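Dear colleague,

I am handing over the structure below, and my notes on it follow. Please read them with the coordinates open beside you.

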Amino acid sequence: MMRFELTILGNTTPFPSKGRLPTSQILNINERLYLVDCGEGTQIRFNELGIKRMKIDHIFISHLHGDHYFGLFGLLGSYRMARRTTPLHIHCPTGLQELIELEAKISLAGPFLFPLHFHETTAKKSKKILDNADIEVFTIPLKHGEIPTTGFLFKEKEQPRKMIKSKIAEYNIPFQAIPAIKNGGFFKTPEGKVIKNKELTFAPPAPRSYAFCSDTAYHLPIIPIIKNVDLLYHEATFNQEDGIDASKKGHSNTIEAATIAKKAKAKKLILGHFSSRYTDLEALAEEAKTVFKNTEVAEEKKTFVIGE
Ligand SMILES: [Zn+2]
Ligand SMILES: [Zn+2]
């Protein structure tokens, strides 16, 4: 099975505190790296965890609050210094390109030597923004005050059907005929007998998926987009116990995040974007568990295997 893993680099709000850093995550999908948000300190985590920044070709930025992209200036600077030549794609809201270009202009750094492509997202409706051999990526429009914000859904591509090995010998199926059978075709024996696909193959494992939802108030319209997701990251800036009106601040509390996971029938929930007021993150997960049992803290430096 292809690798599909999420590593948490940062899980806090704008104040880096108690060793924690703002939002940043890395997905390893079939040995390609995808960076999801790029808070301050992202490169420090790369160094700590031995993550190869040159293996990143796509960066996804949820919105333009600094705690989700301030690390990008440093990262792009590193690419410049390291003389990156391969193209880099940044999926982000309108405005980021202008910010990056302004920095390059004011610092007199000159143009980037590698092709830098900006793909602007819209928070109005869910759209497919990437489609390659391994995955499809869709935006998840979120509700975060006035600022356009999207989450991202990473979905494994449907795999071809699997051959039943014993049938290859049984019907003497030549090697060249196998790809067509894996794609649903039948097999005709030299005697002209048709063997149906169902007898030759079995269904592949269901495509796995990961949904990233930060920052957002409790927002029910995301449910159909993230339905049955294997792993859901949902922000929980506050706990419920403190009685803070998270929604008013464009954020969610633990119980709201858990309710979204439950309604979406997610298999697992991880919580992040914690206010720096909290030191006991496990207590936040415990509160969420009263609504959705399979909840964990999106602990920094921890890797989650999608679909496990
Ligand atoms: Zn934030
Ligand atoms: Zn924000």
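The model is a predicted one, and I began with its interior. The largest nonpolar core has 64 residues, and those with the most contacts inside it are Ala211, Leu232, Leu269, Leu271 and Ala288. The largest share of this core, five residues, comes from helix H8. For Leu232, leaving aside neighbours within four places in sequence, the contacts are Ala211, Cys213, Ile226, Ala261, Ala264, Ala266 and Leu269.

Helix H8 itself covers residues 254–263 and is mostly covered, with seven of its ten residues buried. The buried ones are Thr254, Ile255, Glu256, Ala257, Ala258, Ile260 and Ala261, and the elements against which they pack are strand S15 (231–235), strand S16 (268–272), helix H9 (281–289) and strand S17 (295–297). After H8 comes Lys265, which has a positive phi, near 55°.

Turning to the sheet, I find an open arrangement of seven strands in the order S6-S5-S4-S3-S2-S1-S18, with mixed pairing. Strand S6 (116–120) and strand S18 (303–305) stand at the edges and have a single partner strand each, so one side of each is left without a neighbour in the sheet. On average, and with direction ignored, neighbouring strands of this sheet are turned by 20° against each other. Strand S4 (residues 56–60) and strand S5 (residues 88–92) run parallel and are joined by three bridges; His58 has His89 in S5 as its bridge partner. Helix H1 (residues 42–49) packs on the sheet, where it touches strand S1 (4–10), strand S2 (24–29) and strand S3 (32–38), and the direction of H1 makes about 125° with that of S1.

One residue that I looked at separately is Arg80, which lies in helix H2 (residues 71–81). Why does Arg80 count as partly exposed? The reason is that Arg80 has 17 C-beta neighbours inside 10 Å, whereas a buried residue would need 20 or more and an exposed one would have 12 or fewer. Leaving aside neighbours within four places in sequence, Arg80 is in contact with Ala109 and Phe112, and the C-alpha atoms of Arg80 and Phe114 are 8.2 Å apart in space although the two are 34 residues apart in sequence.

For the protein as a whole, there are nine helices and 18 strands, and the C-alpha trace spans about 75 × 55 × 35 Å along its principal axes. Of the 308 residues, 41% are buried, and among contacts with a separation of 6 or more, 62% come from residues 24 or more positions apart.

With best regards

Terms used
Residues numbered from 1 in each chain as written. Chains lettered and ligands numbered in written order. Predicted model: local features only at pLDDT ≥ 70, side-chain atom pairs only at ≥ 80, totals over all residues. Helix = DSSP H or I, 4+ residues; strand = E, 2+ residues; numbered from the N terminus. Contact = placed C-beta atoms within 7 Å. Core = buried A, V, L, I, M, F, W, Y, C linked by C-beta atoms within 7 Å. Pairing = 2+ DSSP bridges. Axes fitted to C-alpha atoms, helices over the stretch in contact; angles between N-to-C directions.
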